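This report walks through one structure, from the fold of a chain to the contact between chains. Please keep the sequence and the model at hand while reading.

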Amino acid sequence: MTPLGGLRALVTGGTSGIGRGIVERLRADGADVVFTGRSQERGAEVESATGAAFCHADAAQPPDVERSVAWSLERLGGIDALVNNAGMIFQGGIESTTPAAWRELLAVNLTAAFLYSKACFVPIQEGGGGSIVHIASDTAIRGIASIAAYSVTKAGMRMLSDMLALEGAPVNVRSNAVCPGDVVPGVQATPVGFGDHAEDPTNWTLPPAGRFGTAADVASLVAWLVSDEARHMNGATIRIDAGMGAGIVTPSSTGS
Amino acid sequence: MGTFARIAAMPGSIDGLRTLVTGGTSGIGAALVDRLVADGAHVAFTGRDQGRGDDVGGRTGAAFIQADATDEHLIVRSVDDAAAILGGLDALVCSAGVISFESIRDTTLQDWETQLDVNLTAPYLYSVRCLPLLREAGGGSIVHISSDAGVWGEQEIGAYSVTKAALITLAQMLAIEAGPSGIRVNVVCPGDILPGMSTTTRGRDETGADTSGWRRPPLGRIGEASDVAGVVSFLLGPDSSFVNGAAILVDGGMRASYRAWEVNA
């Protein structure tokens, strides 16, 4: 089965976590894939494991965005799907987020998605239409105070997805926001020099479903969204969190 | 004992509240300065334009501090200046904003970054710089001015909508963080308001705009800056003492349904 045979996809931040899972899934479904990342070593590993092409690029650097899109167009002969997945996290509240960390979070989680979307929009349109998928977060819908600045950037990303959906609707370029809850392995990048603010899953609450999400869980949704099966999906914000964000559960009603 | 604690005993009053307003030289910000001073608050306000600052300061008695919301050092200094002038700080209202009338695709990196700087990073920097002062005062209140476009975006102001959506979450995160210190943080989301945004990187200056072609919200009129100022005054005062982390639409009902303007079409 190659449900995505012929699809030309660019995945940002594909060397680890959810991004790697997306690369694996899209390849397994038959798509031609270019993925970006900062680590040459991890990139080479995913490349040989999946047959996708690695383009070394730092999402925080606008010239890298431009170069990696140009390289993808050359390599794939066009782009039908963009997955804005590259992201970084900062564990802490707003007051403990330094201006340097704040700016890097904005650059990677929000400005990179803006620039990649802009650069890929016309190629997707000219290829006969396609879609952009933004890997936002459940924090884009409702923030989490312990990852406060991250939540702020993801709320912005969700709105970016909506605005692109409005712009793309008349020309068959769809844009949707995927909002994962706790996923293991999670976000591996933190702003430069802030490694002690990395994601720390040790105190996470297990969802009622009994397990954390996996990259493969998220990748199945992405594989569907970029496919023609999802042709009427545009401007959607989709939580994928096993129900964690559906409402408040009081201890007495959990049955435990 | 901070001023806030003192006025908390006087229901409905912001008399004596030491308040910093950013972007107070025009539009909603200027109306805020007018209203808060009229309500008895002690106000310092920022803006880029010395002439307009002198005008608003002259008519209200509020203290003008020249500062550009894209400049981190000027932001820090303006907070310090305000605290020195007012003898401390009980409240912060972040009203400075910039808008660009263009779709995402037409937005340049420079326009994108200017809007992020002024509409999102400046409120973050102002909040972080002010929180210790509000704690020192024994509690207080912060109000951010977002937009109805932050709740439900608009294509013709795509990047602006993105920054204003992120700002709502910033306010909510601050509300969680500062709540234990007795500091409330709320965010107001105005719809079409006159006089409106005067600071654009691209597109129209809405001050004195002809609004005859504008869609009317269910209430049948375009909002006035004073409509927003009234809500902010409420949010700064003790009558809103249990309101925290709220995003309040002040839009005449425009975001209450799909195509809300059609009721008046």
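## Overall build of chain A

Of the contacts in chain A with a separation of 6 or more, 73% are between residues 24 or more positions apart. The model is a predicted one. Chain A contains six helices and seven strands. Starting at the N terminus, its elements follow the order β-α-β-α-β-α-β-α-β-α-β-α-β. Chain A is as compact as a globular protein of 256 residues, because its radius of gyration of 17 Å is close to the 18 Å that the globule rule gives for that length.

Along the principal axes, the C-alpha atoms of chain A fill a box of roughly 55 × 40 × 35 Å. Of its 256 residues, 55% count as buried.

## The sheet

How are the seven strands of chain A ordered in the open sheet? The order is β3-β2-β1-β4-β5-β6-β7, and the pairing is parallel. At the edges are β3 (53-56) and β7 (237-240) of chain A, each of which pairs on one side only. From one strand to the next, the twist averages 20 degrees.

Strands of a sheet pair through backbone hydrogen bonds, in either a parallel or an antiparallel way. In chain A, strand β6 (residues 173-180) runs parallel to β7(A) and is joined to it by four bridges. V178(A) has I238(A), in β7(A), as its bridge partner.

## Helices on the sheet

Helix α1 (residues 17-28) of chain A packs on the sheet. The strands of chain A that α1 touches are β1 (8-11), β2 (32-37), β4 (81-84), β5 (130-135) and β6. The direction of α1 makes about 165 degrees with that of β2(A).

Helix α4 (residues 99-126) of chain A also packs on the sheet, where it touches β1, β4, β5 and β6 of chain A. Its direction makes about 170 degrees with that of β4(A).

## The nonpolar core

In soluble globular proteins, nonpolar side chains tend to be buried together. The largest nonpolar core here has 163 residues. Which of them touch the most other members? They are A9(A), A112(A), C120(A), V222(A), L89(B), C130(B) and L170(B). The element that gives the most to this core is α4(A), with 16 residues.

A112(A) can be looked at more closely. Apart from neighbours within four places in sequence, A112(A) is in contact with T12(A), A59(A), A60(A), V65(A), A86(A) and A107(A).

## A residue in chain B

T46(B) lies in strand β2 (residues 42-47) of chain B. Is T46(B) buried or exposed? T46(B) is buried, because 30 other C-beta atoms lie within 10 Å, and 20 or more are enough for a residue to count as buried.

Leaving out neighbours within four places in sequence, the contacts of T46(B) are T22(B), G23(B), G24(B), I65(B), A67(B), S78(B) and A96(B). T46(B) and V79(B) are 33 residues apart in sequence, and their C-alpha atoms are 9.4 Å apart in space.

## Where the chains meet

The contact takes 29 residues from chain A and 29 residues from chain B. On the side of chain A that touches chain B, α4 and α5 (148-168) of chain A each supply at least two residues. The largest share of that side, 14 residues, comes from α5(A). By class, the side of chain A that touches chain B has 17 nonpolar, seven polar and five charged residues.

Note on methods: Residues numbered from 1 in each chain as written. Chains lettered and ligands numbered in written order. Predicted model: local features only at pLDDT ≥ 70, side-chain atom pairs only at ≥ 80, totals over all residues. Rg over C-alpha atoms; globule rule 2.2 N^0.38 Å. Buried ≥ 20, exposed ≤ 12 C-beta atoms within 10 Å, placed from the backbone. Contact = placed C-beta atoms within 7 Å. Pairing = 2+ DSSP bridges. Axes fitted to C-alpha atoms, helices over the stretch in contact; angles between N-to-C directions. Core = buried A, V, L, I, M, F, W, Y, C linked by C-beta atoms within 7 Å. Nonpolar A, V, L, I, M, F, W, Y, C, P; charged D, E, K, R; others polar.
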